[in-house]
Amino acid sequence: MRNIFLFIRRYSNFLLFLVLQIIALSFLFRFNKYHEAVFNGFSSEVTGRVSQKYNSVEYYFQLKKTNDALVHENLELRKMLKDNYESYDTTKKVVVDSIKVDSILKYQKYQYYEAKVVGSFITTQTNYFMLHRGAKQGVHADMGVIGPQGIVGRVVNVSDNFSTVMSVLNRQFKVDAKLKKSGDRGRVEWDGASPQYIFLKNIPKSAPIAKGDSVLTSDLSSIFPPNIMIGTVAEIVNDPSSNFYTLKLKTATNFSSVQYVNVVENLQLDERKALEEAAQKNQ
Amino acid sequence: MSITLKNIIRFVLFILVQVFVLHKVPPLHEYVVPYVYFLYVLWLPFKTSRAALMFVAFLFGLTLDYFLKCPGLHAAACVLIAYIRPFLINILISQEGADTNYSSPSITSMGWAPYATYVVILTLIHNIYLVLLEWLQFGNFLYFLGKILATTAMSLLLIIIAELLFNRKEKFRTNTV
């Protein structure tokens, strides 16, 4: 027994070193696996508040870009108005929909919340955003985040007033995507190299592709609404040994300047998840 | 100003500079990440006990981690260099008692060549460990080597700039401690 105490005393520094290393590494690998940070609530509140202070200054430098993005988004939405289209066929009968708007609420699938970006990084291999909207304001994990120009990321962690969003520019981020032209589906990932380019994998070589084609979120994604812009094809990488293309995409969102985002809640997600779990149990 | 207060202010400043200046700079290349924050651990006073050194380094790394949302990564690297630091100082310090005559490692207290060796070795160890932890999760071997070299070069450049900008006055204290 005495020898054990002597051993601990003699190697106390080394043992402390080992203990701290193990704590740090367990934090790291646990977070990478489940995205549950230790002291998450407290740390997010503190770092969120500091980031918010910084952002109140940084925001002024981005105002012009933010404004441009919002004007473009408004223009796109205005183009979709029904009043823009008029049929030449006057014999067409106009049917007035008698269903009240309220009565279709139970069929609503996506609910949008606005949120301010207070912290963002694009320099690391695992980039995250910080939003000033948290659990008290209706945000929870696994909600999609879209900006004025396209998708931004996925909520992984929430504290009371802030939430952490895994950016598309994160090596662990994956989303199901499709080509706008042909509807062929693939998977979008980031390779960690440049914050302007992401990759779309598993597109069959039979699909007609040209540079500049739009890539949208697919209908299969459980967290993103379908047909949200992801990016445009910048380069077609042809791998002769495989039947699939890898497409280099230019991201639609400018991740360094995005200031306002929408958080999307899928109101039918619970039902879908329950069904998927039931199907897995039956196997 | 007392040494403790000075180090607390330094703690905050290093974190803020690393998070809100260096990590906000648009990335030059995937290999180049401008790290300079660990200079705080290198600048801690000589007389800090080894246990305290590791605790402070852990806390410092963890603070940065929570800002960058990768809890544990920088903390692990900081603890490692804090553990190795006393060994290195013992080897490198030239004359008997330099670590009692001066308060903290610097060019004046250690001499030009030993201080440069001290900084280069710890920077290299810090970056190797940091990139190794990243490499375990993703990336290939070229990424591992390239990132270590590029990041270390960048760190050393930033450390030289920091040393030139902030000329730390090291007062010669009495020999009779």
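**Buried residues, a chain contact and two positive phi angles**

Colleague: Which residues of helix α1 (residues 3–22) of chain B are buried?

Modeller: They are N7(B), R10(B), F11(B), F14(B), I15(B), Q18(B), V19(B), F20(B) and L22(B). This is a predicted model.

Colleague: What do the buried residues of α1(B) pack against?

Modeller: Both chains take part. Chain A gives α3 (40–79). Chain B gives α2 (39–43), α3 (50–68) and α8.

Colleague: How many residues of chain A are in contact with chain B?

Modeller: 38 residues of chain A are in contact with 37 residues of chain B. The area buried between the two chains is about 3400 Å². Carbon and sulfur atoms give 71% of that. On the chain A side, L20(A), F121(A) and T123(A) lose the most area, together 18% of what that side buries.

Colleague: How many salt bridges does the rule find across the interface of chain A and chain B?

Modeller: Zero. The rule asks for a side-chain nitrogen of Lys or Arg within 4 Å of a carboxyl oxygen of Asp or Glu.

Colleague: How do α7(B) and α8(B) pass each other, left-handed or right-handed?

Modeller: The crossing is right-handed. Residues 112–137 form α7 of chain B and residues 141–165 form α8. They pack at an angle of about 140°, with their axes 9 Å apart. Among the contact residues are Y115(B) and W135(B) of α7(B) and F141(B) and E163(B) of α8(B). The residues of this contact divide into 14 nonpolar, five polar and three charged.

Colleague: Why is F173(A) called buried?

Modeller: Its relative accessible area is 2%. Buried means under 20%, so F173(A) counts as buried. F173(A) is in the loop between β5 (163–170) and β6 (175–179) of chain A. Residues that F173(A) touches include G153(A), M166(A), V188(A) and F224(A). F173(A) and W190(A) are 17 residues apart in sequence, yet 7.4 Å apart in space, C-alpha to C-alpha.

Colleague: What makes the phi of D142(A) worth a look?

Modeller: The phi is positive, about 65°, although D142(A) is not a glycine. Most residues other than glycine have a negative phi. D142(A) is found in the loop between β2 (126–131) and β3 (144–146) of chain A.

Colleague: Why does D142(A) count as partly exposed?

Modeller: Its relative accessibility is 28%. Partly exposed runs between the 20% and 50% cut-offs, so D142(A) fits.

Colleague: How do you know that N227(A) counts as partly exposed?

Modeller: By the same reasoning: its value is 46%, and exposed needs over 50%. Phi of N227(A) is near 65°, also a positive value in a residue other than glycine. N227(A) is found in the loop between β9 (214–217) and β10 (229–238) of chain A.

How values were computed: Residues are numbered from 1 along each chain as its sequence is written. Chains are lettered from A and ligands numbered from 1 in the order in which they are written. This is a predicted model: local features need pLDDT of at least 70, side-chain atom pairs count only at pLDDT 80 or more; totals for chains, interfaces and linings use all residues. Side-chain values use heavy atoms; hydrogens and water are left out. Axes are lines fitted to C-alpha atoms, for helices over the stretch in contact, and angles run from 0 to 180 degrees between N-to-C directions. Helices (H or I, at least four residues) and strands (E, at least two) are DSSP runs, numbered from the N terminus. A crossing is left-handed if the near helix is turned anticlockwise from the far one by less than a right angle, and right-handed if clockwise. Contact means heavy atoms within 4.5 Å. Ala, Val, Leu, Ile, Met, Phe, Trp, Tyr, Cys and Pro count as nonpolar, Asp, Glu, Lys and Arg as charged, and the others, Gly among them, as polar. Buried means under 20% relative accessible area, exposed over 50%, partly exposed in between (1.4 Å probe, protein chains only). Buried area is the accessible area (1.4 Å probe) that two parts lose on being put together, summed over both. Lists of a residue's contacts leave out its neighbours within four places in sequence.
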